[in-house]
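Work through the exercises below with the sequence and the 3D view open. Try each task before reading its solution.

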Amino acid sequence: MKVYKNGDIVDIKGCGTVTKGMPYKAYHGKTGRVYNVTKRAVGVIVNKRVKGRIMAKKINLRVEHIRHSKCRDDFLNRVVKNELVKKEAKASGVFVSTRRAPVVPRSSHTVKGKGIAVEEVCPIRYEFIA
């Protein structure tokens, strides 16, 4: 069994082998935050869309139906890596940007075929048959 604490981010995934404490189908696949822990179950706050608004709903689930979310793993790994980069940059006296940069588009180029003639392709004209 895993240990769940208040404030943990969890994914809700209903397990069919345990029918007690199962989430309603609208909550399957959602991510929420633990706000209450009991012996066999946890309370989770989940955002649910109701008509035009998003409401924070409190639901109680057994531990078989939840698991720790991996949504923050990438962020936490990036924080550790940035701290190391900053430490090395400070020691060497060089400025290093730790911001995420968007992927740059590829540069333009021409595709050339070796000894291949260019063939023009066009659609066949529509013919009305009466």
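The exercises that follow concern a predicted model.

**Exercise 1. A buried acid**

Task: Find which side chains make polar contacts with the side chain of Asp11, and state how far away the nearest side chain of opposite charge is.

Solution:
- Step 1. Locate the residue. Asp11 is part of strand 1, which spans 9-12.
- Step 2. Check for a charge partner. Asp11 is buried but has no salt bridge. Arg67 is the nearest side chain of opposite charge, at 4.5 Å.
- Step 3. Apply the cut-off. A salt bridge needs a side-chain nitrogen of Lys or Arg within 4 Å of a carboxyl oxygen of Asp or Glu.
- Step 4. Turn to polar contacts. The side chain of Thr31 contacts that of Asp11 at 2.8 Å. The side chain of Ser69 does so at 3.2 Å.
- Step 5. Place Ser69. It sits in the loop that links strand 5 (66-68) to helix 1 (73-92). Ser69 counts as buried because its relative accessible area is 14%, and the cut-off for buried is under 20%.

Result: Asp11 is buried without a salt bridge. Its side chain has polar contacts with Thr31 and Ser69.

**Exercise 2. Salt bridges**

Task: How many salt bridges does the structure hold, and which side chains meet in them?

Solution:
- Step 1. Count. There are two salt bridges in the structure.
- Step 2. Take one pair. Arg62 and Glu64 meet through their side chains, with an N to O distance of 3.6 Å. Glu64 is partly exposed, since its relative accessibility is 30%.
- Step 3. Take the other pair. The side chains of Glu83 and Lys86 form a salt bridge at 3.7 Å, N to O.
- Step 4. Relate that pair to the helix. Glu83 and Lys86 both belong to helix 1 and are three residues apart, so about one helical turn separates them.
- Step 5. Check exposure. Glu83 has 46% relative accessibility and so counts as partly exposed. Lys86 has 43% and is also partly exposed.

Result: The pairs are Arg62 with Glu64 and Glu83 with Lys86.

**Exercise 3. Surface patches**

Task: Which residues gather in a patch of positive charge, and which form a nonpolar patch on the surface?

Solution:
- Step 1. Look for positive charge. Lys2, Lys13, Arg67 and Lys70 gather in a patch on the surface.
- Step 2. Examine one member. Lys2 lies in the segment before strand 1. With a relative accessible area of 57%, Lys2 is exposed.
- Step 3. Look for nonpolar side chains. Phe75, Leu76 and Val79 make up a surface patch. Together they have about 230 Å² of accessible area.
- Step 4. Examine Val79. It belongs to helix 1. Val79 is partly exposed, as its relative accessibility is 34%.

Result: The positive patch holds Lys2, Lys13, Arg67 and Lys70. The nonpolar patch holds Phe75, Leu76 and Val79.

**Exercise 4. A backbone angle**

Task: What is the sign of phi at Lys51, and is Lys51 buried or exposed?

Solution:
- Step 1. Read the angle. Phi at Lys51 is positive, about 55°, although Lys51 is not a glycine.
- Step 2. Place the residue. Lys51 falls in the loop between strand 3 (41-50) and strand 4 (53-62).
- Step 3. Read the exposure. Lys51 has a relative accessible area of 74%, so it counts as exposed.

Result: Phi is positive, and Lys51 is exposed.

**Exercise 5. Sequence and space**

Task: Compare sequence separation with C-alpha distance for three pairs: His65 and Cys15, Gly32 and Pro102, and Arg78 and Ala89.

Solution:
- Step 1. His65 and Cys15 are 50 residues apart along the chain, with 5.4 Å between their C-alpha atoms. His65 is in the loop between strand 4 and strand 5. At 0% relative accessible area, His65 is buried.
- Step 2. Gly32 and Pro102 are 70 residues apart in sequence, and their C-alpha atoms are 29 Å apart. Gly32 lies in strand 2 (residues 31-37). It is buried, at 8% relative accessibility.
- Step 3. Arg78 and Ala89 are eleven residues apart, with a C-alpha to C-alpha distance of 16 Å. Arg78 is in helix 1. Its relative accessibility of 22% makes Arg78 partly exposed.

Result: The C-alpha distances are 5.4 Å for His65 and Cys15, 29 Å for Gly32 and Pro102, and 16 Å for Arg78 and Ala89.

How values were computed:
Residues numbered from 1 in each chain as written. Predicted model: local features only at pLDDT ≥ 70, side-chain atom pairs only at ≥ 80, totals over all residues. Heavy atoms only, no water. Patch = residues over 30% accessible without salt bridge, like charges linked within 9 Å, V, L, I, M, F, W, Y side chains within 5 Å. Areas by Shrake-Rupley, 256 points an atom, 1.4 Å probe, with all protein chains shown as cover. Lys, Arg positive; Asp, Glu negative; His and termini not counted. Charge placed at Lys NZ, Arg CZ, Asp CG, Glu CD. Helix = DSSP H or I, 4+ residues; strand = E, 2+ residues; numbered from the N terminus. Buried < 20%, exposed > 50% of the residue type's maximum accessible area, 1.4 Å probe, protein only. Polar contact = N/O pair within 3.5 Å; in protein donor to acceptor, adjacent residues only side chain to side chain.
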